[in-house]
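Visitor: Please take me on a close look at the charged side chains here. I would like to hear where they sit and what they pair with.

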Number of protein chains: 2
Amino acid sequence: MNRNIKLIVAYDGTDFCGWQRQDGEKTRTVQGVIENALEKMHGKQINLTGSGRTDSGVHAEGQAANFYTDIDTIPADRFSPALNSLLPHDVRILDACEVDSDFHARFSAKARVYRYQFLHSPNGNLLPTEMRYNLPLNRYPRLDTLNAYGRLLFGETDCTIFASASDSSIMAGKSPNRYIYRSYFYIEKDRLIFEICANAFLRNMVRSVAGTFLHYEESGTSPQKLAEIIASSERSLAGPTLPPQGLFLWKVEY
Amino acid sequence: MNRNIKLIVAYDGTDFCGWQRQDGEKTRTVQGVIENALEKMHGKQINLTGSGRTDSGVHAEGQAANFYTDIDTIPADRFSPALNSLLPHDVRILDACEVDSDFHARFSAKARVYRYQFLHSPNGNLLPTEMRYNLPLNRYPRLDTLNAYGRLLFGETDCTIFASASDSSIMAGKSPNRYIYRSYFYIEKDRLIFEICANAFLRNMVRSVAGTFLHYEESGTSPQKLAEIIASSERSLAGPTLPPQGLFLWKVEY
């Protein structure tokens, strides 16, 4: 009976073309490098299931994934150091444990938490040590306005306006509704943090939500007006999709 | 009359083979990429003088450098955004100002400050977001012992024991003495920091000092005994030279 192993994975997304393996190409992906390490351990190909794809350049502090193993000679928690010794330094397995055989990293997930980190920088420059993990902001936005916007999303929300034009799930007529549990801004040390938790996200959605909120806050748009804009489902009214630096898949809840 | 421009430079050393340009090779160096940017601005080759070389992988928060320019149409402080627009994101010019014509980034420097950042990690693993800028420590060293060691170096000290075997200046019979102004350990947030300030450093010296101190602290060696070891100038008694991750050229004083 193969054991089902759940991994918690952290990575620096800068030098990856996202999570998802891209077959037949030489593209470096997180799933690809972990599956390579699993193949070395097992002597055969092993499929790794992630909770979802992260875009190119997006980081993870707590991505979740699972795979089935027929190795029965080591305790589940030893997969973590064993894999880390085979992985590049920009991917780390933070935890490995055995889970029920029907656990599925994607379908069992109840919620995903993303976190966006911003640093104030009048000229748009950040220190080289900061630029991978933060997005520069050239002004101080009003937190109360941003948080009033954030509250507009609570509950089940039609997220069409935040969908990227190329989102195939929307094109295929699937529901653009997502259930949003939390969505708020706060200051932590010298950073502005945007945290959003939902049952699932459309492609590029977090980057579009943050870009839209900052765009309308800057022009002084009222929360009432933004509510109308979101309800219009008019994608051309969304603000810019922000770059991936500073964005982390922070946690997956089961 | 050419103006003499002083730059303050920050960089992430991870993807560089150190500061110094290596002629005729395709090696990526910090001096090399800044000189390339200067060449684009000036339409001709410009020599950049740094305060000193940093080793491969070592970062800088405040490296200093200078160059002479015949561009007289822009104020000195505009060199900073102009160069940043031409530089890769892992190098940033933090400041540019005009200085006396006899200012020389290396010979005018009175002191260099290095800073080493350590993070506690029982298994030697750090998060991908931490591993570029910190060195993992698998135990909690005794700060009072480390600081008693640090005081041994104050003043003019024969640093032969901390020299790398390949150090050409020592091989050439130059003085191994350096004047050390400060050398101490402290805790900042969750990090252990080692800060050392001297008029100048031998090659790899900071990495050797930190490695030697941690090595002898772990074995419980007394400061008196370590003083004898340092005075012996017996290089084989030095501890390991630590890796460059976590080490920053923090500031150059003039």
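Guide: Gladly, and one definition helps with the places I will name: helices (H or I, at least four residues) and strands (E, at least two) are DSSP runs, numbered from the N terminus. Please keep in mind that this is a predicted model. Its scores are an ipTM of 0.75 and a pTM of 0.85. In chain A the average pLDDT is 94, and 98% of the residues reach at least 70.

Let us begin on the surface of chain A. Arg53(A), Arg106(A), Lys174(A) and Arg203(A) together make up a positive surface patch. One of these, Lys174(A), belongs to the loop that runs between α4 (168-171) and β8 (177-188) of chain A. Lys174(A) counts as exposed because its relative accessibility is 56%, and the cut-off for that word is over 50%. A word of caution about the start of that loop: α4(A) has the lowest confidence in chain A, with a mean of 65. At the other end of the scale, strand β2 (residues 49-50) of chain A has the highest, at 98.

Now for the pairs. Side chains of opposite charge can pair when their charged atoms come close. Over all chains, the structure holds 24 salt bridges. In chain A, one of them joins Lys44(A) to Asp70(A), with 2.6 Å between the closest N and O atoms. Lys44(A) is in the loop between α1 (30-42) and β2 of chain A, while Asp70(A) is in the loop between β3 (59-69) and α2 (79-84), so this pair links distant parts of the chain, 26 residues apart. Both ends are open to solvent in part: Lys44(A) is partly exposed at 38% relative accessibility, and Asp70(A) is partly exposed at 39%.

Moving to chain B, Glu217(B) and Arg142(B) meet in a salt bridge with an N to O distance of 3.0 Å. Because Glu217(B) lies in helix α5 of chain B and Arg142(B) in the loop between β6 (135-137) and α3 (143-152), the pair ties together parts that are 75 residues apart in sequence. Here the two ends differ in cover. Glu217(B) counts as buried, because its relative accessibility is 2%, whereas Arg142(B) is partly exposed at 42%.

Helix α5 (residues 205-218) of chain B also holds Thr212(B), which is buried with a relative accessible area of 1%. The C-alpha atom of Thr212(B) is 5.4 Å from that of Ala238(B), although the two are 26 residues apart along the chain.

A further pair in chain B is Arg182(B) with Glu195(B), whose closest N and O atoms are 3.8 Å apart. Arg182(B) comes from strand β8 (residues 177-188) and Glu195(B) from strand β9 (residues 191-198) of chain B, 13 residues apart. Arg182(B) is partly exposed at 30%, and Glu195(B) is buried at 10%. Back in chain A, Arg139(A), Arg142(A), Glu217(A) and Glu218(A) are joined into one network by salt bridges that share partners.

One last charged residue deserves a stop. Lys189(B) sits in the loop between β8 and β9 of chain B, and its phi is positive, about 55°, although it is not a glycine. Lys189(B) is exposed, with a relative accessible area of 66%.

Notes:
Residues numbered from 1 in each chain as written. Chains lettered and ligands numbered in written order. Predicted model: local features only at pLDDT ≥ 70, side-chain atom pairs only at ≥ 80, totals over all residues. Heavy atoms only, no water. Patch = residues over 30% accessible without salt bridge, like charges linked within 9 Å, V, L, I, M, F, W, Y side chains within 5 Å. Areas by Shrake-Rupley, 256 points an atom, 1.4 Å probe, with all protein chains shown as cover. Salt bridge = Lys/Arg side-chain N within 4 Å of Asp/Glu carboxyl O. Lys, Arg positive; Asp, Glu negative; His and termini not counted. Charge placed at Lys NZ, Arg CZ, Asp CG, Glu CD. Buried < 20%, exposed > 50% of the residue type's maximum accessible area, 1.4 Å probe, protein only. pLDDT = per-residue confidence, 0-100.
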